[in-house]
Amino acid sequence: MNDMTETTAQSEQTKSVHRFAERQGHYYSKQFEKIQSSNNLTLTFNLSAALFGPLWASARNVWGFFWASTIATLVALVQLGRGLWGELGADELARAERLGNKSQEMAAKAQAALEAGISNAEVLQRNADNLQRAADKFLAAADTAAAGANQLMLWGVLSLIAITLIQGFLANIFYEQKYCRWRAGSTDTSGFSQQNLLVGAVMLAVMFPLTLYRFTVAKPVEWLTQFPADKAVFSGAASWLDEGFDNVALKGAGFFDGITSTIRVLLDGLEVVLVETPWPVIAMVILVIAWRMAGPRVAIFTLAALAYLAFLGYWEKSMATVALLGAAATLCVLLGVPFGILCAKSRTIDTAVRPVLDFMQTMPAFVYLIPIIAFFGTGKPPGILATLIFGMPPVVRLTALGIKQVPESIVEGALAFGCTRRKLLLDVEIPLAMPNIMAGVNQTILMCLSMVVIASLIGAEGLGTDVLQALQFAAKGQGLLAGLAILFCAMIIDRIVQGCFKSSNRE
């Protein structure tokens, strides 16, 4: 009975493999059975895949195998082609020829000066000898490069042989995995596709000759190495964008000035508290907050960090930096948390906002400074705005994630007991999502910190200015000390914020 069941199963698999492969079904049925019958890695050799790796892969719709085989074969063919046809050492020969000609000209001038009795004849001859020695060095380098042609050919041939063997031994394993996915109900394409074979052949016909020509010819045609771009297109686009920025900045001057004034009010208030207040008062307040919110260990670390800032003369700049960081982080949290809640509650808003957040996170930080300068000018408020754009995405994303991850059963239970939507949000969803929200706040603080140095480029003063000056004048010690000061400021804020969250949870 067991034998009959096993025979029936094998027969069903054979039919399944025939439907999957379409061509050479009997061969692949045997190979798949051999692979599946062993728990260890079983190697079988596919001659078609070994000889025509990329073409076999395209016909069988194994595109991962296609690209791996194509790239590996191209690398081997380039080495072989450079050894056979590449003009190795051509650049060195050209430079040696130029230097040799200059040496001969200089020697002729030296001879003429010697015959005329001019005093600089010796100097001219010395220069000619120096040029000739340089030419000889380039000749030697050209000979060395040319001697490496045989080695390149050897490596190319050995690589091709190795690639052929690897393709043959791995093809059936990859194809069997594709078959298993297909049989499990995956949408993987099965069968032998002449259309895909044609597509693969066309791609190879384009990639192989062009790549070999590029790497084996000393001076390939210019359009192959440099895209034939029209500079007038770039100039026109840049001019159009300049005019657009100027027009928007002019028409929206009142709006942009209002935003700047609002941020300046918040920043000035923080600077009055942190910078102008006597330092013993601020230090004591920070230590008490750290002790109450995060415990004695964080208070001791805060004391050590504040001592570092004070004794190295960074106190005022550190407090100015904390004011910048605090203003930016506060705005990020005040805007980001409600926005994250909206994203969690509305699929439409979430879908619309997601690409904007992706753009804000992936755009290089320096690029933010261009529209900021165009619309808001330079100074501290524009620096805070640039930091706001860069630092807001984490708190928005993690707030939305935390709200979405609140168990549906808890939400249904709260509504069943008569909880209103407002109380559900404030008393159930936000407290349960608080770990994610605080993680977003933490990430926002760190990302705002990373913008401190960059914002100093547009006049946002603070410790970032010291780091920027250290970069300009290669002052390694100054840059390291200022960087550590920024790090300590961020760690103090982070520890206090996290401690506040933990203490609220304990209560």
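Select asparagine 101 to begin the tour; this residue of the predicted model belongs to helix α6, which covers residues 90-116. Asparagine 101 has a relative accessible area of 39% and is partly exposed, because the buried class requires a value under 20% and the exposed class one over 50%. Keep asparagine 101 selected and add threonine 225, which lies 124 residues away along the chain. A distance drawn between the two C-alpha atoms should read 30 Å.

**Helix α9 and its surroundings**

Next, select residues 194-216, which form helix α9. The 23 residues of α9 reach 33 Å from the first C-alpha to the last, close to the 33 Å expected at 1.5 Å a residue. Within α9, colour the buried residues: Asn196, Gly200, Leu204, Phe208, Leu212 and Thr216. An α-helix has 3.6 residues a turn, so residues three or four places apart point the same way. Which helices do the buried residues of α9 pack against? Display α4 and α5, and the packing partners come into view.

Two residues of α9 merit individual inspection. Asparagine 196 has a relative accessible area of 18%, and is therefore buried. Apart from neighbours within four places in sequence, asparagine 196 contacts Ser58, Asn61 and Trp63. Tyrosine 213, also in helix α9, is partly exposed, with a relative accessible area of 30%. Beyond its neighbours within four places in sequence, tyrosine 213 is in contact with Pro220, Val221 and Leu224. For a longer view, add leucine 47: tyrosine 213 and leucine 47 are 166 residues apart in sequence, and their C-alpha atoms are 29 Å apart in space.

**Two residues with positive phi**

From asparagine 196, move to one of its contacts, Asn61. Asparagine 61 sits in the loop between α4 (53-59) and α5 (63-84). The phi angle of asparagine 61 is near 65 degrees, a positive value in a residue other than glycine. Is asparagine 61 buried or exposed? Its relative accessibility is 8%, so asparagine 61 counts as buried.

Now select glutamine 24, in the loop between α1 (2-21) and α2 (25-36). Glutamine 24 is not a glycine, yet its phi is positive, at about 55 degrees. Glutamine 24 is partly exposed, with a relative accessible area of 45%, whereas asparagine 61 is buried.

**The nonpolar cores**

In soluble globular proteins, nonpolar side chains tend to be buried together. In this model, the largest nonpolar core has 73 residues, and Leu306, Leu309, Ile384 and Met392 have the most contacts inside it. Helix α15 (residues 315-345) gives the most to this core, contributing 15 residues. Centre the view on leucine 306: not counting residues up to four places away in sequence, leucine 306 touches Ala283, Ile286, Leu287, Trp315 and Ile492. A second, separate core contains 20 residues, among them Phe20, Ala49, Val62 and Tyr175.

**Helix pairs**

Select α15 together with helix α16 (residues 347-362). The two helices pack at an angle of about 120 degrees, and their axes are 5 Å apart. How are α15 and α16 oriented to each other? At that angle they are oblique. To see the contact, show Phe339, Leu342, Cys343 and Lys345 of α15, then Arg347, Ile349, Asp350 and Val353 of α16.

While α16 is displayed, pick out valine 356, which has its place in this helix. Valine 356 is partly exposed, with a relative accessible area of 44%. Proline 393 is 37 residues away along the chain, and the C-alpha atoms of valine 356 and proline 393 are separated by 9.1 Å.

A further pair consists of helix α12 (residues 253-276) and helix α18 (residues 380-404). Their axes are 9 Å apart and the packing angle is about 100 degrees, which means that α12 is roughly perpendicular to α18. On α12, the contact involves Ile259, Thr260, Ile263, Arg264, Leu267 and Glu271. On α18, Lys380, Pro381, Ile384 and Leu385 complete the contact; Ile384 is also one of the residues with the most contacts inside the largest nonpolar core.

**The kinked helix α20**

Finally, select residues 421-455, helix α20. A straight helix of 35 residues would span 51 Å at 1.5 Å a residue, but α20 spans only 41 Å between its end C-alpha atoms. Where does α20 have a kink? Centre on methionine 434, shortly before proline 435, to find a kink of about 60 degrees.

Conventions: Residues are numbered from 1 along each chain as its sequence is written. This is a predicted model: local features need pLDDT of at least 70, side-chain atom pairs count only at pLDDT 80 or more; totals for chains, interfaces and linings use all residues. Side-chain values use heavy atoms; hydrogens and water are left out. Helices (H or I, at least four residues) and strands (E, at least two) are DSSP runs, numbered from the N terminus. Buried means under 20% relative accessible area, exposed over 50%, partly exposed in between (1.4 Å probe, protein chains only). Contact means heavy atoms within 4.5 Å. The expected span of a helix is 1.5 Å times one less than its number of residues. The bend at a residue is the angle between axes fitted to the seven residues ending there and the seven starting there. A nonpolar core is a set of buried Ala, Val, Leu, Ile, Met, Phe, Trp, Tyr and Cys residues joined through side-chain atoms within 4.5 Å. Axes are lines fitted to C-alpha atoms, for helices over the stretch in contact, and angles run from 0 to 180 degrees between N-to-C directions. Angles under 35 degrees count as roughly parallel, over 145 as roughly antiparallel, 65 to 115 as roughly perpendicular and the rest as oblique.
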